[in-house]
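Visitor: Could you take me on a close look at one part of this structure, the middle of the sheet, and then lead me outward from there? I would enjoy one connected account.

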2 protein chains.
Amino acid sequence: MIKIVIIGSGNVAQHLITAFAKSNEVDIVQVFSRQKKSTVPLLDPTKITNDYKDLTEAHLYIIAVSDNAIASVSSKLPFENRLVVHTSGSVSIDLLDKKNRRGIFYPLQTFTKNVAIDFKPIPICLESENESDFDLLEKVAQSISNNAFNSDEKQRKALHVSAVFVNNFVNEMYRIGNEICEENKVSFEVLKPLILETVNKVMVLSPNEAQTGPAKRNDTQTIEAHLDFLSNENQATIYKILTQSIQNNGKEL
Amino acid sequence: MIKIVIIGSGNVAQHLITAFAKSNEVDIVQVFSRQKKSTVPLLDPTKITNDYKDLTEAHLYIIAVSDNAIASVSSKLPFENRLVVHTSGSVSIDLLDKKNRRGIFYPLQTFTKNVAIDFKPIPICLESENESDFDLLEKVAQSISNNAFNSDEKQRKALHVSAVFVNNFVNEMYRIGNEICEENKVSFEVLKPLILETVNKVMVLSPNEAQTGPAKRNDTQTIEAHLDFLSNENQATIYKILTQSIQNNGKEL
């Protein structure tokens, strides 16, 4: 069994703990949580510590804390030359304290508190300073996911910012769609088959091929009618900019 | 059998013909297509006409042409007091010529040429000038969809503009995500589990509850890093505006 310690008890830590608990190759020997008795329901309470000095020996330490806490947490670890990784998409490997062997273990997914998720399809971006550490990271990742791969820092950062577009910004489109529906007393439920079909299309077609609608058709009459219809400046600004983006196909003017 | 005539042979017309061809309650007695031998593969060629004078008697005439052709097509119909509807989300019922009984038959979906679609879940917005016509429209719609309902013009227009946000603009987010991946030599495939999970979440949570990410967390450090990372002005402009929209939750500043 590969022994791992999870440092953190937030959203990502919780989902990792749940996923590793089902693995036959990985054993969570300890979790570090500032609030000792906190939210680690699956775990034997004796395995939880809130004292860095109590950290036990393991093959891998996974720091799953907020981005701006990674550097300070890694410098507080009371040991050297062990394998320490963080789970962030946007933080450089260099922010981890040099006294340990460093790496990245970044699961590319949106984690919601208390919403169970199947880890198998989730991409996990791995990075390490040396090859034997990479092999261990890969084994650990493959014990929960079918989709672990090596990515350098630039690729990982590209995926992180792309994820903002295809997840956070897509969700903001849903929020605005919902807002327009509420303002006009129609149910957002009505849009759900369209939302599903939009996704189905991009699973098989490139986004360029999948595009339809007034912007793509250059249907200025409908675009004007929509802008007239929209009730607030935020909706109208976004409508104009995304219509332009579709019309220019992302090219600079 | 309810006899219907489809006027048009574009994308929406084609998908309606395919759907009605499977219905036991509706019979497509004729299709009007400007290019007579055009693209109506499912249909007996003798049922296709390109001459308004040849239009046959039917319970319902569905005008499925581009928005700006609806008025002129409806005025060319060589009969009066029959039920005539159009399939547009954004055109008023008043643009149909008054000589006939008027209505709306708007299927809210994105139709792709040559991509088959299951009509059953597709919402169909219905509107008519009088009640008995509504009953007929409802029967026709229910013969292909489980999701037909009455909506007034304002509701229909709201759905149409919302559809641009949740379909065209969502797809534009996918296009930009793909663009960033290509620029940084990672596969867009890696983002697909995240794309699917984003949709899964909004099927069960409200878009407000489902939101995560740097804008929602007010994580200015990550937002700045992302803006530094983005390679073109179009990406950066959209990133800034949608980040603001999430942070203000759509409220005006």
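Guide: Gladly. Let us start with a single pairing: A:Ile63 has A:His86, in strand 5 of chain A, as its bridge partner. That pair belongs to a set of 3 bridges that join strand 4 of chain A to strand 5 (residues 83-86), and these two strands run parallel. Please keep in mind throughout that this is a predicted model. The mean pLDDT of chain A is 93, and 96% of its residues reach 70 or more. For the complex, the predictor gives an ipTM of 0.92 and a pTM of 0.91.

Now widen the view to the sheet. In chain A, 8 strands form an open sheet in the order 3-2-1-4-5-6-7-8, with mixed pairing. Strand 3 (48-49) and strand 8 (147-150) of chain A stand at the edges with a single partner strand each, so one side of each has no neighbour in the sheet. In the order just given, strand 4 sits between strand 1 and strand 5.

Chain B lets us look at strand 4 from both of its sides. On one side, strand 1 (residues 2-7) of chain B pairs with strand 4 of chain B in the parallel sense over 4 bridges. Within that pairing, B:Val5 has B:Tyr61 of strand 4 as its bridge partner. On the other side, strand 4 and strand 5 (residues 83-86) of chain B are also parallel, paired over 3 bridges, and B:Ile62 stands opposite B:Val85 of strand 5.

What about the side chains? In a regular strand they alternate between the two faces of the sheet. In strand 4 (residues 60-63) of chain B, B:Leu60 and B:Ile62 point one way, while B:Tyr61 and B:Ile63 point the other way. These four residues are all buried.

Back in chain A, step off the end of strand 4. A:Ala64 lies in the loop between strand 4 (60-63) and helix 2 (70-76) of chain A. Is A:Ala64 buried or exposed? It is buried, because 26 other C-beta atoms lie within 10 Å, and the cut-off for buried is 20 or more. Leaving aside residues up to four places away in sequence, A:Ala64 touches A:Ile6, A:Ile7, A:Gly8, A:Gly10, A:Val12, A:Ala13, A:Leu16 and A:Thr87. One of these, A:Ile6, is 58 residues away along the chain, yet its C-alpha atom and that of A:Ala64 are separated by 7.0 Å.

A contrast waits in the loop between helix 2 and strand 5 of chain A, where A:Asn81 is found. A:Asn81 counts as exposed because it has 8 C-beta neighbours inside 10 Å. Its backbone deserves a glance too: phi of A:Asn81 is near 55°, a positive value in a residue other than glycine. Chain B offers another such case in B:Lys185, which is not a glycine but has a positive phi of about 55°. B:Lys185 is found in the loop between helix 4 and helix 5 of chain B, and it counts as exposed, with 11 C-beta neighbours inside 10 Å.

Those helices bring us to the place where the chains meet. The contact takes 79 residues from chain B and 79 residues from chain A. On the chain B side, helix 4 (153-183), helix 5 (192-204), helix 6 (207-210), helix 7 (214-217), helix 8 (220-229) and helix 9 (233-248) each give two or more residues. Helix 4 of chain B makes the largest share, 26 residues. Sorted by class, the chain B side has 39 nonpolar, 28 polar and 12 charged residues.

Helix 5 of chain A shows the packing in detail. Its buried residues, which include A:Leu194, A:Ile195, A:Val199 and A:Val202, pack against helix 6 (207-210) of chain A together with strand 7 (123-128), helix 4 and helix 5 of chain B. The helix has 13 residues (192-204), which should span 18 Å at 1.5 Å a residue; the end C-alpha atoms are 19 Å apart, which agrees.

Finally, how do the chains relate? A turn of 180° with a shift of 0.0 Å along the axis lays chain B on chain A with an RMSD of 0.0 Å. The two copies are therefore related as by a two-fold rotation axis. In chain B, the C-alpha nearest that axis belongs to B:Val170, 2.6 Å from it. The same surface serves both copies, since 100% of the contact residues of chain B recur in chain A.

Methods
Residues numbered from 1 in each chain as written. Chains lettered and ligands numbered in written order. Predicted model: local features only at pLDDT ≥ 70, side-chain atom pairs only at ≥ 80, totals over all residues. Contact = placed C-beta atoms within 7 Å. Nonpolar A, V, L, I, M, F, W, Y, C, P; charged D, E, K, R; others polar. Least-squares fit on C-alpha atoms with pLDDT ≥ 70 in both. Buried ≥ 20, exposed ≤ 12 C-beta atoms within 10 Å, placed from the backbone. Expected span 1.5 Å × (residues − 1). pLDDT = per-residue confidence, 0-100. Pairing = 2+ DSSP bridges.
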